[in-house]
Amino acid sequence: MADPQARLDEMITRLKERGHRLTPQRMAVLKILAASEEHPSVEQIYERVKVDFPMTSLATIYKTVTLLKEMGEVLELGFSDGGNRYDGIRPYPHPHLICTKCRNIMDPEVPTLSELPQEVSRSTGYWIVSQRLDFFGICPQCQGKG
Ligand SMILES: [Zn+2]
Ligand SMILES: [Zn+2]
């Protein structure tokens with residue numbers, strides 16, 4: 001499991017290096033992204049930031065997330081049915097497991113999956129520059145609901 005504090009420090013350092021201001025709202029967004037395994041949407045981040053900073057606007061959250069995305073500090077997962085989701089813990093391409101009922105998203109820790117890009121590259125001669133691998137299913141909690 002990743003260390004949220006280490007990931008947070010990393011993001012703060014990157015932002016400072018590039019001369020970006022660290023407002024309290026921006027810090028709150030970073031903290032949420034560094035500690036959220038559940039791949040939150042911008043709206044979900046907004047709801048949580050609003051608890052401590054009621055004056056925050058959705059646009060502010062959106063701008064911060066977009067900035068982090070452009071810097072390669074957050075991975076954006078786009079879906080055709082709307083709602084993009086974000087991974088600030090692992091900001092590089094990796095496989096995802098998505099529950100089609102509750103929209104829970106997690107990173108499956110399966111060793112063979114991490115070897116896939118090299119395998120694909122080896123057997124096709126391609127240089128793999130990016131990848132997108134999504135598994136859709138019903139999570140154990142939703143299975144229990146019948
Ligand atoms: Zn579910
Ligand atoms: Zn992820």
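Select Val 120 to begin: in this predicted model, Val 120 is partly exposed, with a relative accessible area of 37%, and the residue belongs to helix α6, which spans residues 116-124. Keep Val 120 selected and add Leu 116, Tyr 126 and Ile 128, since these four residues together form a nonpolar patch on the surface, whose combined accessible area is about 360 Å².

Next, turn to the ring of Phe 79 and display the arginine side chains around the ring. Arg 103 lies over the face of Phe 79, at 5.5 Å from the ring centre, and the charged end of Arg 132 also sits over the ring of Phe 79, 5.3 Å from its centre. If you look for pairs between aromatic rings while you are here, the structure holds 0 of them.

Now move to the zinc ion, ligand 2, and select its protein donors, which are His 39 (NE2), Asp 87 (OD), His 94 (NE2), His 96 (NE2) and Asp 107 (OD), lying 2.0 to 2.1 Å from the ion. Read along the sequence, these donor residues follow the spacing H-x47-D-x6-H-x1-H-x10-D. Two of the donors deserve a selection of their own: His 39 lies in the loop between α2 (24-35) and α3 (42-52), whereas His 96 lies in strand β3 (residues 96-99), so the pair ties together parts that are 57 residues apart in sequence.

Finally, colour these two histidines by accessibility: are His 39 and His 96 buried or exposed? His 39 is buried, with a relative accessible area of 0%, and His 96 is likewise buried, with a relative accessible area of 0%.

Note on methods: Residues are numbered from 1 along each chain as its sequence is written. Chains are lettered from A and ligands numbered from 1 in the order in which they are written. This is a predicted model: local features need pLDDT of at least 70, side-chain atom pairs count only at pLDDT 80 or more; totals for chains, interfaces and linings use all residues. Side-chain values use heavy atoms; hydrogens and water are left out. Rings of Phe, Tyr and Trp (its six-membered ring) pair if their centres lie within 6.5 Å; planes under 30 degrees apart count as stacked, over 60 as edge-to-face and the rest as tilted. A charge sits over a ring if NZ of Lys or CZ of Arg is within 6 Å of the ring centre and within 35 degrees of the ring normal. Patches are made of residues with over 30% relative accessible area and no salt bridge: like charges are joined within 9 Å, nonpolar side chains (Val, Leu, Ile, Met, Phe, Trp, Tyr) within 5 Å. Accessible areas come from the Shrake-Rupley method with a 1.4 Å probe; for residues, only the protein chains shown count as cover. A salt bridge is a side-chain nitrogen of Lys or Arg within 4 Å of a carboxyl oxygen of Asp or Glu. Helices (H or I, at least four residues) and strands (E, at least two) are DSSP runs, numbered from the N terminus. Buried means under 20% relative accessible area, exposed over 50%, partly exposed in between (1.4 Å probe, protein chains only). Donors are N, O and S atoms within 2.8 Å of the metal (3.2 Å for Na, K and Ca); water is not among the atoms, so sites may look incomplete.
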